[in-house]
Amino acid sequence: MPARGTPANTANWCATRVARLTHPSPNFGERKAGAQPSIIVIHYTAMASAEAARRALSNPETEVSAHYLIAPDGEVMSLVAEENRAWHAGAGQWGGVTDVNSHSIGIELSNDGFSPFSNRLMDALEVLLGGMRDRWAIPAQRVIAHSDLAPGRKIDPGARFDWQRLARGGHAVWPKALEAAPETFRAHAQAFGYRAEVEDDTLLHAFRLRFRPWAQGPVDGTDAGLAADLAARFPVDREGLTS
């Protein structure tokens with residue numbers, strides 16, 4: 001385990017498969033039907049401290065967990081082995097995947113939901129993502145928000161999370177600024193991966209939370225253009241994501 005707040009040690013540790021869990025959680029099971037990780041889901045804890053989150057993610061009464069928890073100082077805690085099914089996603093869908101837990105790795109970020117994410121946390125996250133994406137051949141477009149797979153039910157990692165930073169590092173995707181007819185927004189968003197069975201306003205809110213959190217009002221040509229670019233370059237059906 002790296003020393004707390006030591007980015008170099010943290011980087012070395014994150015870049016390799018974890019041989020021993022640092023904070024084992026009992027809340028896990030086997031991935032169903034032989035599934036392997038093909039999605040990475042980013043969460044925030046919305047709790048007062050990383051230690052409080054660790055206790056909750058390791059409490060059998062909560063029946064929740066994640067594979068990793070990252071503290072604001074950059075400490076990475078491993079709770080569930082990547083090969084196993086952690087209980088982090090809940091009900092939701094991305095592309096054709098309905099059992100997201102069986103197909104994903106969950107990363108919890110210690111953050112109250114309102115504050116900026118610290119640089120040390122983001123540094124550790126990028127190194128962690130690089131290692132696990134290499135191990136499981138997960139492309140950048142499959143690194144998603146909890147709010148992406150559960151529109152209307154979840155909002156994490158929220159409007160303060162820096163998705164553009166992840167995209168610049170090659171660990172997420174970001175749309176090109178285009179314009180398109182507003183009425184095409186839903187079809188393009190669904191082609192990128194968002195589920196069809198949500199209300200228009202809920203879908204728009206989830207999309208904007210990730211790609212345009214400052215925007216207000218009804219869907220417009222910018223929303224549709226961003227979704228169209230994502231659908232054209234990263235269509236989820238091309239990735240063969242199925243449950």
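**Predicted fold, backbone exceptions and buried elements**

In the predicted model, A137 lies in the loop between α4 (119–136) and β7; helices (DSSP runs of H or I, at least four residues) and strands (runs of E, at least two) are numbered from the N terminus. The prediction sets limits on what is reported: local features need pLDDT of at least 70 and side-chain atom pairs count only at pLDDT 80 or more, while totals for chains, interfaces and linings use all residues. Residues are numbered from 1 along each chain as its sequence is written, and side-chain values use heavy atoms, with hydrogens and water left out.

The protein chain has nine helices and seven strands. Of its 243 residues, 54% count as buried, where buried means under 20% relative accessible area, exposed over 50% and partly exposed in between, computed with a 1.4 Å probe on protein chains only. Contacts (heavy atoms within 4.5 Å) often link distant parts of the sequence. Among those between residues at least 6 apart in sequence, 71% join residues at least 24 apart.

Some backbone angles stand out. Most residues other than glycine have a negative phi, and most peptide bonds are trans. Phi of A137, however, is near 55 degrees, a positive value in a residue that is not glycine. A137 counts as exposed because its relative accessible area is 62%. A positive phi is also found at A33, where the angle is near 55 degrees. A33 is placed in the loop between β1 (28–29) and β2. With a relative accessibility of 88%, A33 is exposed. A further exception concerns the peptide bond that runs from D156 to P157, which is cis, with omega near 10 degrees. P157 belongs to the loop between α5 and α6.

Residue I42 is part of strand β2. Its relative accessibility is 0%, so I42 counts as buried. Leaving aside residues up to four places away in sequence, I42 touches both D156 and P157, the two residues joined by the cis bond. The other residues that I42 touches under this condition are I107, L109, L125, V143, I144, A145, H146, F161 and W163. One of these, L125, is 83 residues from I42 along the chain. The C-alpha atoms of I42 and L125 are nevertheless separated by 9.7 Å. A second buried strand residue is S78, in β4 (residues 76–78). S78 is classed as buried because its relative accessible area is 0%.

Helix α8 spans residues 200–211 and has 12 residues. From the first C-alpha of α8 to the last, the distance is 16 Å, close to the 16 Å expected at 1.5 Å a residue; the expected span is 1.5 Å times one less than the number of residues. The buried residues of α8 are L203, L204, A206, F207, R208, L209, R210 and F211. This list includes the charged-type names R208 and R210 alongside leucines such as L203. The elements against which the buried residues of α8 pack include one strand, β7 (143–145). Helices are also among these partners: α5 (146–149), α6 (163–168), α7 (185–192) and α9 (221–233).
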